[in-house]
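Biologist: Before I rely on the terms used for this protein, I should like to hear the reasoning behind them. Could you take me through it?

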Amino acid sequence: MGSKHNPPGNNRSRSTLSLLVVVGLCCFFYLLGAWQKSGFGKGDSIAMEITKQAQCTDIVTDLDFEPHHNTVKIPHKADPKPVSFKPCDVKLKDYTPCQEQDRAMKFPRENMIYRERHCPPDNEKLRCLVPAPKGYMTPFPWPKSRDYVHYANAPFKSLTVEKAGQNWVQFQGNVFKFPGGGTMFPQGADAYIEELASVIPIKDGSVRTALDTGCGVASWGAYMLKRNVLTMSFAPRDNHEAQVQFALERGVPAIIAVLGSILLPYPARAFDMAQCSRCLIPWTANEGTYLMEVDRVLRPGGYWVLSGPPINWKTWHKTWNRTKAELNAEQKRIEGIAESLCWEKKYEKGDIAIFRKKINDRSCDRSTPVDTCKRKDTDDVWYKEIETCVTPFPKVSNEEEVAGGKLKKFPERLFAVPPSISKGLINGVDEESYQEDINLWKKRVTGYKRINRLIGSTRYRNVMDMNAGLGGFAAALESPKSWVMNVIPTINKNTLSVVYERGLIGIYHDWCEGFSTYPRTYDFIHASGVFSLYQHSCKLEDILLETDRILRPEGIVIFRDEVDVLNDVRKIVDGMRWDTKLMDHEDGPLVPEKILVATKQYWVAGDDGNNSPSSSNSEEE
C-alpha cells in the first residue's frame with residue numbers, strides 16, 4: 001500500500017525508471033567490455049571491473065561473468081549459409097599442390113630447381129576436397145606407429161623392392177613394417193645412434209633439435225625420439241614415392257623439401273645437430289654451397305654427421321663404381337670446405353665421419369679467407385636464393401662465449417629465457433612478456449583439454465600450430481606422446497629463432513600457398529589469429545581447403561579469432577564436411593575473441609559423405 005506522500009503510481013514509476021537505468025547501465029558496460037579487444041588473457045579483469053561498476057548481476061541474472069567455455073549461438077540474422085565443396089577426383093588423393101610432378105617437369109633440372117616449390121597460380125588452385133583412399137584407417141598409436149603403417153593409407157610398394165636389402169620397409173599382409181634400418185645402418189638405427197652418441201652428447205639434453213637431409217622414410221628421426229631429440233626430416237617428392245608420407249604416417253616430423261637453389265625454410269643457428277646418411281647431396285658442388293647452407297642453420301658448437309660416400313671409400317669404391325682417386329679427392333674437398341666453415345673433424349670410423357662447428361669466430365683459425373654473406377637478416381629466407389658465402393658468427397666478447405648465446409639443456413631450455421629475447425632481438429618481446437606468454441598458453445591448453453579430453457593423448461600425434469608466435473602452445477603441450485610443427489607465417493613477426501632456442505621445431509610458410517606435405521598428415525591443427533592475419537592477403541577459402549587437405553579424417557582444428565572472422569570461417573567449413581561448435585573465450589563471454597572447434601568427418605573416395613566415423617585402431621594411451 002502507498003501513503004499520501006508516496007502515491008502508488010509514483011512509486012511504480014520510479015521503480016520502473018530505476019530498473020530501466022540499471023538495465024541501461026548493464027547494457028552500456030556489456031558493450032564497453034565487448035568493445036575492448038582483450039584476447040590476451042585479460043577477460044577476467046575486464047569482467048570483474050564491469051561487474052564492480054554495474055553491480056547489477058542480481059537484477060539481470062542472464063549475464064554470467066565467470067570464465068568458462070560456453071557454446072555460442074550465432075544470432076539468426078548472422079547464421080552462415082555454407083557453400084558446399086565437392087570431392088576432388090580420386091586420382092588427386094595424394095595431391096601436393098606445390099610439388100606436383102607435372103608442374104615440376106616444366107622447370108630446370110640443374111641445382112634441383114624442378115624439385116623445389118612451384119605453386120599453382122590462383123586460377124589453377126583446386127577448390128575441392130582431397131579424398132582419402134578407400135580403406136583409409138586411423139594410424140596406429142605411437143609408439144606402434146613408428147614400426148607399422150596401414151597399407152591402405154599409403155599404398156606404395158616401390159620402396160619395399162628398391163630398398164629390399166637395406167632394411168628400410170617391408171610389406172606384410174595389409175601393413176608396412178619399418179624395421180628401423182637404413183642404407184648406412186643395416187644393423188638398425190639404434191646401433192647407429194649409439195655409435196654417434198659415443199662422440200656427440202645426445203643423451204644428456206645438450207642435443208635437442210636435429211636436421212636429417214634426404215631422410216628416406218625418416219627412421220633416424222624416429223629413433224632419435226627415444227633420446228628426446230626432435231628431428232626435422234626432409235626429402236624431395238621424387239621417384240622414391242611417399243618417403244615423407246611414410247614418415248608422417250609413422251608419427252615422425254618431416255616435410256617435402258630439397259637442398260637446391262633456395263634457402264631452407266629455417267632460421268640461422270636452428271639445429272644442434274645435422275646429418276646426411278647417404279643423402280646423395282653433392283656437397284662439393286657449386287663451391288660447397290650446400291655445406292654453407294647447413295652451416296647457416298647449424299648452431300655454434302653443433303655437430304654434422306656424414307655417413308656414406310665418400311667416407312670409407314677404400315672399402316666401397318668398387319660397389320660405388322668410382323675410382324679411389326676420385327673419392328679420395330672428394331673427401332679432401334669436403335674436409336677443406338668444413339675447415340673453411342670452422343668445423344673440426346672429431347671422428348672417423350668405418351662409414352661415419354663427425355664434424356663439430358666451433359662455438360665462435362675467435363676459436364676459428366681458417367687457413368684461407370672466405371666470402372661472408374652480406375645479408376643483414378640471416379633469417380629472411382622465404383624463396384631467397386642460396387648464395388655461395390659463409391654466414392658470419394654473431395659477435396662475442398671472449399673466446400669462451402657461444403656465438404648467439406648458450407642454451408640450457410633440455411628440458412630446462414623449454415621455459416628458460418631464450419637468447420633472442422634476453423638480447424632484445426625480438427621486437428616488442430622482453431623477458432616479462434615472454435613469461436606472460438608462457439602462463440597464457442598454459443592456461444589456454446588446459447582449457448583445450450577440457451574441451452577435448454583426447455588432447456595430450458596419442459590420439460593426436462602429429463600436431464601443427466599455424467601461427468606459432470613464441471611457441472607457447474607447443475611448449476604447454478610438450479609430451480613424448482605428440483610433437484608440434486610450429487609454423488611462422490611469412491607475413492607475421494619473425495619469432496622462429498625463439499621456437500628453436502626453446503628446443504622445439506618449426507618452419508616458415510605463407511598460408512596463401514600449399515604446405516610442403518602430403519594430404520592427411522596432421523591429427524590436430526591449431527590456428528590462433530591466422531584468419532585475421534590473412535583476411536586481406538588471400539582467400540580464407542583457400543587456406544581452409546589447404547587445412548582440410550593436410551588434416552586426417554576425424555582430426556580436429558581449434559581456431560581462435562575475433563567472432564566476426566570466425567563467423568566467416570564457419571560459413572566455409574560447414575560446407576567442407578566438418579562438424580563445428582563456436583565457444584566462448586576461456587575468460588568469459590565478454591571477450592570478443594572466440595574459439596571455434598571443428599572435427600573433420602570420416603569419408604573416403606567414392607563416399608556420399610554420410611558414413612559413420614571409423615573407430616579402427618583409434619586406441620588411446
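The exchange below takes several descriptions in turn and sets each against its criterion.

Biologist: What kind of model is this, and how many helices and strands are there in the protein chain?

Modeller: This is a predicted model. There are 18 helices and 17 strands in the protein chain. Of its 621 residues, 56% count as buried. Among contacts between residues at least 6 apart in sequence, 70% join residues at least 24 apart.

Biologist: Why is asparagine 321 called exposed?

Modeller: The cut-off for exposed is over 50% relative accessible area. Asparagine 321 has 70% relative accessibility, and therefore counts as exposed. Its place is in the loop between helix H10 (313-316) and helix H11 (324-340). The UniProt annotation "glycosylation site" covers Asn321.

Biologist: How do you know that the length of H11 agrees with its number of residues?

Modeller: The expected span is 1.5 Å times one less than the number of residues. For the 17 residues of H11 that gives 24 Å, and the end C-alpha atoms are 24 Å apart, so the two agree. The buried residues of H11 are Leu327, Glu330, Gln331, Ile334, Ile337, Ala338 and Ser340. Residues three or four places apart in an α-helix point the same way, because there are 3.6 residues a turn. The cover over the buried residues of H11 includes helix H9 (289-297), strand S8 (298-307), H10, S9 and S10. Cysteine 342, with a positive phi near 70 degrees, follows H11.

Biologist: What makes glycine 350 partly exposed?

Modeller: Partly exposed lies between the limits of 20% and 50%. Glycine 350 is at 41% relative accessibility, so the term applies. This glycine is found in the loop between strand S9 (343-349) and strand S10 (352-357). Glycine 350 and asparagine 312 are 38 residues apart in sequence, yet their C-alpha atoms are 5.8 Å apart in space. Not counting residues up to four places away in sequence, glycine 350 touches Ile311 and Asn312.

Biologist: How does helix H13 (residues 431-451) fare in the test of span?

Modeller: Its 21 residues should span 30 Å at 1.5 Å a residue, and the end C-alpha atoms are 31 Å apart, which agrees. Among the buried residues of H13 are Tyr434, Asp437, Ile438, Leu440 and Trp441. Helix H12 (419-422), helix H14 (472-477) and strand S14 (522-528) are among the elements that cover the buried residues of H13.

Biologist: Which residue caps the N-terminal end of H13?

Modeller: Aspartate 430 does so, with a side-chain oxygen 3.2 Å from the backbone nitrogen of glutamate 432.

Biologist: Why is aspartate 587 called buried or exposed, as the case may be?

Modeller: Buried requires under 20% relative accessible area. Aspartate 587 stands at 2%, so aspartate 587 counts as buried. Its place is in the loop between strand S16 (578-583) and S17. The side chains of aspartate 587 and lysine 443 are joined at 2.5 Å; a polar contact must be within 3.5 Å, and this pair is such a contact.

Biologist: Which residues touch the most other members of the largest nonpolar core?

Modeller: That core has 134 residues, and those touching the most other members include Trp283, Phe531 and Phe559. This core draws at least three residues from each of domain 1 (131-391) and domain 2 (411-598). Apart from it lies another core, of 10 residues, including Val169 and Phe178.

Methods: Residues numbered from 1 in each chain as written. Predicted model: local features only at pLDDT ≥ 70, side-chain atom pairs only at ≥ 80, totals over all residues. Heavy atoms only, no water. UniProt positions renumbered as here; feature names shortened; annotations may be inferred. Helix = DSSP H or I, 4+ residues; strand = E, 2+ residues; numbered from the N terminus. Buried < 20%, exposed > 50% of the residue type's maximum accessible area, 1.4 Å probe, protein only. Contact = heavy atoms within 4.5 Å. Polar contact = N/O pair within 3.5 Å; in protein donor to acceptor, adjacent residues only side chain to side chain. Core = buried A, V, L, I, M, F, W, Y, C linked by side-chain atoms within 4.5 Å. Domains from an automatic or database assignment.
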